[in-house]
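Grab a pencil and work through these short exercises with the model open beside you. Try each task before you read its solution.

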Amino acid sequence: MAKEQGTAASPQESSPLDVLLIEDDFYLAESTMAWLKEVCDVSARLATSIAEAKTLLDERLPDVVLSDNGLPDVRGIEFLVPFAAAHPEIGCLLWSGLDR
């Protein structure tokens, strides 16, 4: 998985931050995507599972990965720890609404 190649943009031409959100709760995913795009003015893609996230990561690496911990296929932390170690240039944030 390699970040797309290209020339560095000047600050005036820089593209918005690219975020990959991994969240399986429909309402939380929709509201977070809207917040990221409208309030934070970032480019955001959504995956509802780690398997789907891996497909999106194969297409393009983001600047930031924001992942739920309680996902249907793999716990977010089990994915993020090795991913962050392999890609230290990418910001990673784990979140969860679970109380356990």
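**Exercise 1: Gly91**

Task: Work out whether Gly91 is buried, partly exposed or exposed, and find what surrounds it.

Solution: Keep in mind that this is a predicted model. Start with the accessibility: Gly91 has a relative value of 30%. Buried needs under 20% and exposed needs over 50%, so Gly91 counts as partly exposed. Next, place the residue: Gly91 belongs to strand E4, which covers residues 91-95. Now look around it: setting aside residues up to four places away in sequence, Gly91 touches Asp63, Val64 and Val65. Finally, try Val19: it sits 72 residues from Gly91 in sequence, yet their C-alpha atoms are 9.2 Å apart.

**Exercise 2: E1 and E2**

Task: Find out in which sense strands E1 and E2 pair, parallel or antiparallel.

Solution: Locate E1 at residues 18-22 and E2 at residues 43-47. The two pair in the parallel sense, over five bridges. For one bridge, go to Leu20, whose partner in E2 is Arg45. Then add helix H1 (residues 26-39): with E1 and E2, it makes a right-handed β-α-β unit.

**Exercise 3: Asn69**

Task: Decide whether Asn69 is buried or exposed, and trace its contacts.

Solution: First find the loop between strand E3 (64-68) and helix H3 (76-86), where Asn69 lies. Its relative accessibility is 11%, so Asn69 counts as buried. Leaving out residues up to four places away in sequence, Asn69 has contacts that include Val74, Leu94 and Trp95. Last, check Ile77: its backbone nitrogen is 2.9 Å from a polar side-chain atom of Asn69.

Key:
Residues are numbered from 1 along each chain as its sequence is written. This is a predicted model: local features need pLDDT of at least 70, side-chain atom pairs count only at pLDDT 80 or more; totals for chains, interfaces and linings use all residues. Side-chain values use heavy atoms; hydrogens and water are left out. Helices (H or I, at least four residues) and strands (E, at least two) are DSSP runs, numbered from the N terminus. Buried means under 20% relative accessible area, exposed over 50%, partly exposed in between (1.4 Å probe, protein chains only). Contact means heavy atoms within 4.5 Å. Two strands pair if DSSP finds at least two bridges between them. A crossover is right-handed if, with the strands pointing away from the viewer, the path from the first strand over the helix to the second runs clockwise. A polar contact is a pair of N or O atoms within 3.5 Å; within protein, one must be able to donate a hydrogen and the other to accept it, and residues adjacent in sequence count only if both atoms are side-chain atoms.
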